[in-house]
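Me: I would like to go through this structure term by term, setting each value beside the definition it depends on. Please take the terms in order and conclude from them.

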Amino acid sequence: MTPASLGALLAHFENKVMFQGFVWNLNSFDQEGVQLGKLLAKKVLAHQTDGALKVYSDLFEI
């Protein structure tokens with residue numbers, strides 16, 4: 001794998017996600033989803049986990 005082929009592969013998936021969002025009338029670059037991920041990551045790192053977050057925190061030994 002060369003840097004050019006890796007870049008082409010990433011660009012392909014980025015365009016695929018953008019197009020699917022357009023077809024399904026969804027915002028593929030939804031900032032709220034990013035913020036939720038940050039919030040969940042902070043909880044995992046602070047060991048304030050329960051349920052599925054507990055499984056992930058145990059899996060990654062955080």
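Reply: Helices (H or I, at least four residues) and strands (E, at least two) are DSSP runs, numbered from the N terminus. By that definition the protein chain has three helices and zero strands, and its elements run α-α-α from the N terminus on. This is a predicted model, in which local features need pLDDT of at least 70 and side-chain atom pairs count only at pLDDT 80 or more, while totals for chains, interfaces and linings use all residues. Residues are numbered from 1 along each chain as its sequence is written, and side-chain values use heavy atoms, with hydrogens and water left out.

Me: Why is the protein chain called more spread out than a compact globule?
Reply: The radius of gyration is taken over C-alpha atoms, and the globule rule is 2.2 Å times the number of residues to the power 0.38. For 62 residues the rule gives 11 Å, whereas the protein chain has a radius of gyration of 17 Å, well over that figure, and it is therefore more spread out than a compact globule. Along its principal axes, the C-alpha trace spans about 40 × 35 × 15 Å.

Me: What pLDDT does the protein chain average, and which helix has the lowest mean?
Reply: With pLDDT defined as the predictor's confidence in each residue, from 0 to 100, the protein chain averages 81, and 92% of the residues score at least 70. Among the elements, helix H3 (residues 52-59) has the lowest mean pLDDT, 70, and H1 has the highest, 92. Where pLDDT is low, the predicted coordinates should not be read in detail.

Me: What span is expected of H1 and of H2 at 1.5 Å a residue?
Reply: The expected span of a helix is 1.5 Å times one less than its number of residues. H1, with 21 residues, reaches 30 Å from its first C-alpha to its last, close to the 30 Å expected, and H2 (residues 31-45), with 15 residues, reaches 21 Å, close to the 21 Å expected. H1 is followed by Asn-25, whose phi is positive, near 60°, and just after H2, His-47 takes a positive phi of about 60°.

Me: Why does Phe-19 count as exposed, and why does Leu-39 count as partly exposed?
Reply: Buried means under 20% relative accessible area, exposed over 50%, and partly exposed in between (1.4 Å probe, protein chains only). Phe-19, which lies in helix H1, has 53% relative accessibility and therefore counts as exposed. Leu-39, in helix H2, is at 45% and so counts as partly exposed. Phe-29, in the loop between H1 and H2, is exposed because its relative accessible area is 52%. Buried residues make up 8% of the 62 residues in the protein chain.

Me: What makes Met-1, Leu-6, Leu-9, Leu-10 and Phe-13 a nonpolar patch on the surface?
Reply: Patches are made of residues with over 30% relative accessible area and no salt bridge (a side-chain nitrogen of Lys or Arg within 4 Å of a carboxyl oxygen of Asp or Glu); like charges are joined within 9 Å, and nonpolar side chains (Val, Leu, Ile, Met, Phe, Trp, Tyr) within 5 Å. Leu-6, found in helix H1 (residues 3-23), is at 39% relative accessibility and therefore counts as partly exposed. Together the five named residues have about 530 Å² of accessible area, a quantity from the Shrake-Rupley method with a 1.4 Å probe, for which, in the case of residues, only the protein chains shown count as cover.
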